[in-house]
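Here are my notes for you, in numbered points. I hope they are handy as you look through the model.

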Amino acid sequence: MAATRSLHWATAMKEIQADRAKRPAGLLAAQGLIRATSAKRRPLVVAGAYDKAAIMSAAVAAARVHQARTGSTWGEALSVTLKATWQLAKAARAAAAH
């Protein structure tokens with residue numbers, strides 16, 4: 001006899017959604033740090049367009065602090081801070097548009 005496996009699609013889809021909904025460790029702390037230091041730096045959005053150099057600069061500076069706090073690798077730290085920086089840039093652009 002062949003072995004059969006049953007798959008419950010509803011359960012599988014809920015598990016996939018739960019995996020996607022997780023926030024990376026330190027995301028909110030990175031957002032707070034970027035928000036606090038962004039007043040001293042260039043704005044992330046200029047004339048309705050993203051300033052990618054300013055976004056990267058803010059993310060790198062925050063990644064250094066994040067890496068020192070958490071002991072994570074450079075790639076993990078930069079990933080978290082880039083996500084946080086882009087979220088803040090998108091929020092700033094939306095706020096400027098309205």
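1. A definition to begin with: a residue is called buried when its relative accessible area is under 20%, exposed when it is over 50%, and partly exposed in between. Please also keep in mind that this is a predicted model.

2. With that cut-off, T81 is an easy case: its relative accessible area is 0%, so it is buried. T81 sits in helix α4. Setting aside neighbours within four places in sequence, its contacts are A30, I34, A59, A62, A63 and H66.

3. Next along the helix comes L82, also in α4. Is L82 buried, exposed or partly exposed? At 23% relative accessibility it counts as partly exposed. L82 touches M56 and A59, not counting residues up to four places away in sequence. A59 also appears among the contacts of T81. Another pair to look at is L82 and Q31: they are 51 residues apart along the chain, and their C-alpha atoms are separated by 9.6 Å.

4. Now for α4 as a whole. This helix has 24 residues and reaches 34 Å from its first C-alpha to its last, close to the 34 Å expected at 1.5 Å a residue. Its buried residues are A77, L78, V80, T81, A84, T85, L88 and A89. Which elements help to cover them? The cover includes α2, β1 (45-46), β2 and α3.

5. Helix α3 covers residues 52-70, and its geometry can be checked in a similar way. At 1.5 Å a residue, its 19 residues should span 27 Å, and the end C-alpha atoms are 26 Å apart, which agrees. The buried residues here are A54, I55, A58, A59, V60, A61, A62, A63 and H66. They pack against α2 (27-37), β2 (49-50) and α4 (74-97). Of these buried residues, A59, A62, A63 and H66 are in contact with T81. Just after the helix comes G71, with a positive phi near 75 degrees.

6. A47 may be worth a look on your screen. You will find A47 in the loop between β1 and β2. Most residues other than glycine have a negative phi. A47 is not a glycine, yet its phi is positive, at about 55 degrees. Is A47 buried or exposed? With a relative accessible area of 85%, A47 is exposed.

7. Stepping back to the overall fold, the protein chain has four helices and two strands. Along the sequence they follow the pattern α-α-β-β-α-α. The radius of gyration is 19 Å, well over the 13 Å that the globule rule gives for 98 residues, so the chain is more spread out than a compact globule. Taken along the principal axes, the C-alpha atoms fill a box of roughly 70 × 40 × 20 Å.

8. A few totals for the protein chain may be useful too. Of its 98 residues, 27% count as buried. Among contacts with a separation of 6 or more, 57% come from residues 24 or more positions apart. The chain exposes about 7,100 Å², with carbon and sulfur atoms supplying 59% of that area.

9. Last, the charges: the protein chain carries 15 positive and 4 negative side chains. The centres of the two sets lie 8 Å apart.

Notes: Residues numbered from 1 in each chain as written. Predicted model: local features only at pLDDT ≥ 70, side-chain atom pairs only at ≥ 80, totals over all residues. Heavy atoms only, no water. Rg over C-alpha atoms; globule rule 2.2 N^0.38 Å. Buried < 20%, exposed > 50% of the residue type's maximum accessible area, 1.4 Å probe, protein only. Contact = heavy atoms within 4.5 Å. Areas by Shrake-Rupley, 256 points an atom, 1.4 Å probe, with all protein chains shown as cover. Lys, Arg positive; Asp, Glu negative; His and termini not counted. Charge placed at Lys NZ, Arg CZ, Asp CG, Glu CD. Expected span 1.5 Å × (residues − 1).
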